[in-house]
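Please explain how the aromatic rings and the buried core of this protein are arranged. I am new to the structure and would like to be led through it step by step.

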Amino acid sequence: MSDNLKLLRYNTGTDKKVLIKFKDSFSAVIFNATIVAYSKSAVADLVAVHKNQYIIDPQTHIYQQDITAVQTENKQGIVSVKKSVDQYLSELPTELKDKFYSKNGNLLPDDIKTVVDKLIERVYSFETSYVDKYIKNKEYDKYLKYAKIGPSPAVVIAPYFMIKSSYSEKEINDWMDLNALCAQRFISLNSNNGKYDTGIQIVIDKRVLDNNTFASKIKKHYNNSLVNYAFIWVDDFNLFEATKTQQEQFKSILIALTELGIKPVMAYGGYDSIILCNKDLSYRMYGVAQSVGYGEARPITPVGGGLPVNKYYFPPLHARLSLSEVISILSSKGYFSKDKAVASEEFYQYICSCKQCRDIIGRNIDNFRKYNESSDYTMRNGIKRNRPTTDASLIAAMHFMFSKVDEWNDVESKSFDVLKNDLIKGYSEYYPALSNHMQDWCSIYG
């Protein structure tokens, strides 16, 4: 049986259709706390009816953000804190919410320490009891109780705070001290009241990985911790694309956590993290979370999403590419200039043979362009742009999920040497400019 946490993030209602189809291929669904607070009834339905193992990310790093990062402007030009954030902060200590608003965010460790025990209690209650309150109002509650199959947290995560590269050494130590204090007291609370696996969350700017002392700080602050998992979130980070120093320092974090007996999990990761869940590795990961069709890397400070574009997950490169890039690759390999049925069979042999691609392409390679269907969209400034049709977005998300299932199956059944060679071969064939870079990355791990 797999010891990896295969986690699927739920972000919006549009994710639900795909999530339900693939629910049995993943260990648990993971939600941001703000989504749970805002969409409580929908979340209750999802975990009660479809996936009863769930994790809530407590997002307590919000207190460190400037308030502008969690504000939105309505059509009348009125700026206010997002309702989802406001509702979640209302579930946590009132003192912290008031201070967050009065100081326009940017709280300091001393601001939080004054009510740290209350914060820990409220976060623990939110992660373990909040969803249950809304299930009790549902018609299916009696059945769940009778059958004893109600939802429960797969892991509960202690309050956590991010480490910014702009922090001084003292500031880093102060925040790490607070993180360690939260973990210690949260774990104690769980041992007294619950039966759940526990997690910490290590959240850092990617430039923190340019400093070779951070792994030692983790060992110092979490020494003798009884925590089960460490969720790692590096700001807008892709291990394959990182600098050599960042790649090596990331491995040093895995080493530190392994020596502490804590299992690392990537909070936002792609194949760059999934491949590190292979059992051949001495210093490995034990899980990865991503969203439905996207979300393999995410900035810590929220940013505007921008207008979506058609993308296709290209399995040989284990990367989402724009459709124009994929069509260019296929054209360069002659897929659109040969017999359409022959080309489709070659596509299944060398690119992707998932059910979604077979359903879309059939025996005519030209049908691949359905992934690129778009419609006109007029922006506020009157400029017209194209964006993916609903159908194109759905089939791209379905293909993405089929690809993720295949990746997990490969990582859990093949040796790291085979995975490494397949990865290098894919880049040599379809992106030779990065072939040497990928070989260097692979050499870090074996």
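Tyr 312, Tyr 335, Phe 347, Tyr 348, Phe 368 and Tyr 371 are linked into a cluster by ring pairs. The model is a predicted one, and a search of the whole of it finds 22 aromatic pairs. A pair of aromatic rings is described by the distance of the centres and the angle of the planes.

One pair in the cluster joins Tyr 312 and Phe 368, whose ring centres are 4.9 Å apart with 75° between the planes, an edge-to-face arrangement. Tyr 312 belongs to strand β12 (residues 311–314), while Phe 368 is in the loop between α15 (355–361) and β14 (374–378), so this pair ties together parts that are 56 residues apart in sequence. Both Tyr 312 and Phe 368 are buried. Another member of the cluster, Tyr 335, has the charged end of Lys 338 over its ring, 5.8 Å from the ring centre.

The surroundings of Phe 368 lead on to the core. Leaving aside residues up to four places away in sequence, Phe 368 touches Tyr 312, Leu 323, Val 326, Ile 327, Leu 330, Phe 347 and Ile 361. In soluble globular proteins, nonpolar side chains tend to be buried together. Here the largest nonpolar core has 137 residues, and those with the most contacts inside it are Tyr 63, Phe 250, Leu 276, Tyr 312, Phe 347 and Phe 368. Another core, of 19 residues, lies apart from it and includes Val 155, Ile 157, Trp 233 and Ala 267.

A further aromatic pair is found in helix α18. Trp 441 and Tyr 445 are four residues apart in this helix (residues 435–445), so about one helical turn separates them. Trp 441 counts as buried because its relative accessibility is 0%. Tyr 445 has a relative accessible area of 9% and is therefore buried too. The charged end of Lys 251 sits over the ring of Tyr 445, 5.6 Å from the centre of that ring.

Buried positions are not limited to nonpolar residues: Glu 407 counts as buried because its relative accessibility is 4%, under the 20% limit. Glu 407 lies in helix α16 (residues 390–413). What does the side chain of Glu 407 make polar contacts with? One polar contact, of 2.8 Å, joins it to the side chain of His 318, and another, of 3.0 Å, is with the side chain of Lys 404. Not counting residues up to four places away in sequence, Glu 407 touches Tyr 271, Ile 274, Tyr 313 and His 318.

Conventions:
Residues numbered from 1 in each chain as written. Predicted model: local features only at pLDDT ≥ 70, side-chain atom pairs only at ≥ 80, totals over all residues. Heavy atoms only, no water. Core = buried A, V, L, I, M, F, W, Y, C linked by side-chain atoms within 4.5 Å. Buried < 20%, exposed > 50% of the residue type's maximum accessible area, 1.4 Å probe, protein only. Contact = heavy atoms within 4.5 Å. Phe/Tyr/Trp six-rings, centres within 6.5 Å; stacked < 30°, edge-to-face > 60°. Helix = DSSP H or I, 4+ residues; strand = E, 2+ residues; numbered from the N terminus. Lys NZ or Arg CZ within 6 Å of the ring centre and 35° of its normal. Polar contact = N/O pair within 3.5 Å; in protein donor to acceptor, adjacent residues only side chain to side chain.
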